[in-house]
Amino acid sequence: MGIDIWGYRRIRKLEEKPGDGTPYFSAPYLGEARADYVAGLESGACYAYAEKHWFYGGKSEGFYEWMTEVLGVVAGQDLAFQRWEAFHNNWRSLPLAEARRLWAETRDTLPFHELHYFNDWESPMLNAAVCRNLAADFAELEPKAMELLGPSSWFGRLYTDMRRAVEFAADDGALLMG
């Protein structure tokens with residue numbers, strides 16, 4: 001199964017489905033989403049938008065690998081884990097749940113951390129506030145990403161497309177994946 005990604009710019013909620021000619025999308029079910037990631041968005045609501053950027057992210061396995069593994073390398077997640085491990089040198093003696101909680105708190109300070117919670121079965125949308133953070137991460141780390149990935153590689157093109165979609169959504173919009 002493939003992943004489609006839409007970045008919508010300047011959305012506004014509609015009270016009813018619009019007539020012909022008005023571009024709109026319907027928000028998916030957001031019940032499992034983190035509340036701060038979808039604040040201001042409503043499950044099943046119709047939203048008009050000014051512009052959209054759509055791209056095909058590829059097969060879900062490859063896209064999720066890119067989103068977690070490749071962006072993790074660009075963000076320096078491995079180095080952050082090594083620093084965390086050195087700081088919490090007794091983390092292996094902690095109860096597993098506590099060690100995971102501590103790492104999640106550390107990971108949530110890294111670039112692109114919002115995408116670790118973003119998947120089409122739990123959190124298919126992100127609001128503009130989260131996308132502004134992601135847009136800043138994509139812009140700041142683009143030179144490193146292009147050096148590691150190459151601009152014409154599949155992962156490099158995914159980076160460029162995702163950056164554009166996130167920038168659209170950061171402009172009072174939403175990012176939708178499905």
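This short talk walks through a sheet and the helices that pack on it.

The model is predicted, so to speak of local features we need pLDDT of at least 70, and side-chain atom pairs count only at pLDDT 80 or more, while totals for chains, interfaces and linings use all residues. Residues are numbered from 1 along each chain as its sequence is written, and side-chain values use heavy atoms, leaving out hydrogens and water.

Start with the sheet. Four strands (DSSP E runs of at least two residues, numbered from the N terminus) form an open sheet, ordered β5-β1-β7-β6. Pairing, meaning at least two DSSP bridges between two strands, is antiparallel here. β5 (51-59) and β6 (125-127) are at the edges with a single partner strand each, so one side of each has no neighbour in the sheet.

Look at β1, residues 2-9. It pairs with β5 over eight bridges. I3 has G58 as its bridge partner in β5.

Now α4, residues 128-149. Helices are DSSP H or I runs of at least four residues. α4 lies across β6 and β7 (174-177), at about 85° to β6. Angles run from 0 to 180 degrees between N-to-C directions, with axes fitted to C-alpha atoms, for helices over the stretch in contact (heavy atoms within 4.5 Å).

Where does α4 bend? At E142, by about 60°. That bend is the angle between axes fitted to the seven residues ending there and the seven starting there. A proline, P143, follows within four residues.

Last, the ends of α4. N127 caps the N-terminal end, with a side-chain oxygen 3.3 Å from the backbone nitrogen of A129. Just after the helix, G150 has a positive phi of about 85°.

Conventions. Polar contact = N/O pair within 3.5 Å; in protein donor to acceptor, adjacent residues only side chain to side chain.
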